[in-house]
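Here is a friendly walk through one protein chain, meant to be read with the model open beside you. Take a moment to turn it around before reading on.

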Amino acid sequence: MPKNRLEKWVATIAKLTKPDNIVWCDGSAKEWDELTQLLVANGTFIKLNEDLRPNSYLARTHRGDVARVEDRTFICSEHQADAGPTNNWREPNKMKVLLRGLFAGAMRGRTMYVVPFSMGPIDSPLARYGVEISDSPYVVLNMHLMTRVSPLVTEKIAAGADWVPAIHSVGAPLVDFHGDRKADTTWPCNAEKYICHFPETKEIWSFGSGYGGNALLGKKCMSLRIGSTMARDEGWLAEHMLIIGATSPEGKKHHFAAAFPSACGKTNLAMLQPTIPGWKVETIGDDIAWIAPGADGRLRAINPEAGFFGVAPGTSMKTNANAMETIKSNTIFTNVALTDDGDVWWEGLTDTPPDHLIDWVGDDWTPDNSFPAAHPNSRFTVSAAQCPTISSEWDDPQGVALDAILFGGRRATNVPLVVQSRDWQHGVFMGATISSEQTAAAEGPVGQLRRDPFAMLPFCGYNMADYWQHWLDVGLGIEESKRPKVFQVNWFRKDSEGKFLWPGFGENSRVIEWIANRIEGLVDAVDSPIGKLPIKKEFNLAGLKISEKQFNQIFEVNPESWAVEAEMTHKYFKNFDGNIPTELHDQLWELTNRLAKI
Ligand code: GTP
Ligand code: SPV
Ligand code: MN
């Protein structure tokens, strides 16, 4: 029988990378057991105490491989203009030549795993298939949890289904060109990293890192960077968004999607435990949403992932009890601290740290140490099915109809707790102009304010200005009454002493309630230059100690500082060489005028 495209591709990559052997993965429990045993045996995994954390493991990475590497991430479209000013562009043929050199013999002495996976429920009209080749068993196990790894995908591909080829190597061969074999390390990786995307041929090539979004190629690489280009071509949206269902005490259910930059609260909002009586929030997704116009004329969203790759620090019974419940078993922890009884710990898990820990680099740690025991970007990987608040709709092939879209960021100043946009165009302007203080989720200066439009700065696979136009087109193609309402939120505003003004976490249910009430027309709003704000008596503060003064601080819109923001937006738009959609210029003009009238 002639080989199909998948078999040919695997053979070609094997010929290039020269692994000792090839394993076709099936996502089974047997495969999980074999690979976890292998990783325990070679020291990559530490098995956690079976009584405290069954079937769970701790991995410690190389110190230089702890986060996404944005400056090593490339969009290799044929034309540089298609990558736009916010992406690193490389000419595709040149990059291919470079990559072939890097991948040549890169898997010598290692096993090459072939992982067929589906993003989205297999057979969903919104699902897309991929195959990741990787020489990292850690990656295979994380893919088990984060995607649907299944031989069914291989069958679909053999029957002609489209798929994304994704090749990954840690770039650390065990046999050199003289044939000498060396011992493996517990976290093999390469100092030189390349995370490359070829939108025209829908290919992904990732070299040198074994960590998170650099290596689990179904996630940011396929679902967002390649996904966004597929979405542009096919008329849908691939977004860095959580999805929730929120049910009011009266039993009215709404669905929200929310885009916040990395480490800015998506997992927490996705698993929110409301503090206000009678409300229920159900989890559909915590990081990525694929959104398409449905047969009902509404925007419908699926979570293409099957698990959570969540930030550990700050996660506790107080902040996110549902995440704590989710990670009780069958979880991979990366770069957290190890307790003396073989369990995990991170900053914020308990009020006081244990007297002794082994920190994320494997050294003894006591509370006297001035540096954290867990890396700030340490993570847990766990199946979504284990989440106590997971919605019955979470793997519905048709997705859920969105009632509202939220944009957020980490802003110590200026941005109020919640603002409603005037209309779709204004909502797109809000999304396009969001800025946020940088976090440890990517290499780079933590705390520095940067524009992160739609929380997609590191993830948009094409020209950001074209992406904004696409958002305008998709939304305006929906009948107005069926369009989701758009809001901007900010949980992170601080007072003059640097303390958060808003308690956040479960209390964010109050913002959810206000948004639901706006959708239902149950509350009024006051106009401000930046959008519609809550009226104090209609915003539920019952049971919270928030004074009139604090409320005003939380919602303050300062015209002078907003005039500065608007001026910065004007400068920012200039980066896009006249490519900005007219509607967004109009929005900026209107904002400037409204500010001038105050
Ligand atoms: P990625 O997985 O990187 O995309 O991150 P994320 O957007 O899912 O962020 P996550 O929910 O993991 O939160 C990141 C950090 O922000 C954690 O340390 C949380 O404890 C903290 N955080 C989340 N929500 C709130 C909030 O409402 N208020 C405050 N002050 N901190 C929050
Ligand atoms: C993010 O950085 O937005 C993440 C983690 O969700 S990673 O998978 O590394 O991209
Ligand atoms: Mn994310």
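The notes below go from the whole chain to two of its strand regions.

## The chain as a whole

Please keep in mind that this is a predicted model. The chain has 598 residues, and its radius of gyration is 24 Å; a compact globule with that number of residues would be near 25 Å, so the chain agrees with a compact globule. Along the principal axes, the C-alpha atoms fill a box of roughly 75 × 55 × 40 Å.

If you colour the model by secondary structure, you will find 16 helices and 32 strands. Contacts often link distant parts of the sequence: among those between residues at least 6 apart, 73% join residues at least 24 apart.

## Surface, burial and charge

How many of the residues count as buried? The share is 60% of the 598 residues. The accessible surface of the chain comes to about 23,100 Å², and carbon and sulfur atoms account for 51% of that surface.

The chain carries 60 positive and 74 negative charges. The mean positions of these two sets are 2 Å apart.

## Strand β9 and its partners

Strand β9 covers residues 163–169 and is a good place to zoom in. Why is this strand described as largely enclosed by the rest of the structure? Because 7 of its 7 residues are buried, meaning under 20% relative accessible area. Both faces are covered. Trp 163, Pro 165, Ile 167 and Ser 169 are buried on one side, while Val 164, Ala 166 and His 168 are buried on the other.

Two strands that pair with β9 can be picked out. Strand β7 (residues 128–134) runs parallel to β9 and is joined to it by 6 bridges; here Ile 133 has Ile 167 of β9 as its bridge partner. Strand β11 (residues 203–207) also runs parallel to β9, with 4 bridges between them. In that pairing, His 168 is matched with Ser 206 of β11.

## A four-stranded open sheet

Further along the chain, look for an open sheet of 4 strands with antiparallel pairing, in the order β21-β20-β22-β23. Which strands form the edges? They are β21 (344–345) and β23 (364–365), each of which pairs on one side only.

Strand β20 spans residues 337–339 and pairs with β21 in the antiparallel sense over 2 bridges. To find this pairing in the model, look for Leu 338, which stands opposite Val 344 in β21.

Technical notes:
Residues numbered from 1 in each chain as written. Chains lettered and ligands numbered in written order. Predicted model: local features only at pLDDT ≥ 70, side-chain atom pairs only at ≥ 80, totals over all residues. Heavy atoms only, no water. Rg over C-alpha atoms; globule rule 2.2 N^0.38 Å. Buried < 20%, exposed > 50% of the residue type's maximum accessible area, 1.4 Å probe, protein only. Contact = heavy atoms within 4.5 Å. Areas by Shrake-Rupley, 256 points an atom, 1.4 Å probe, with all protein chains shown as cover. Lys, Arg positive; Asp, Glu negative; His and termini not counted. Charge placed at Lys NZ, Arg CZ, Asp CG, Glu CD. Pairing = 2+ DSSP bridges.
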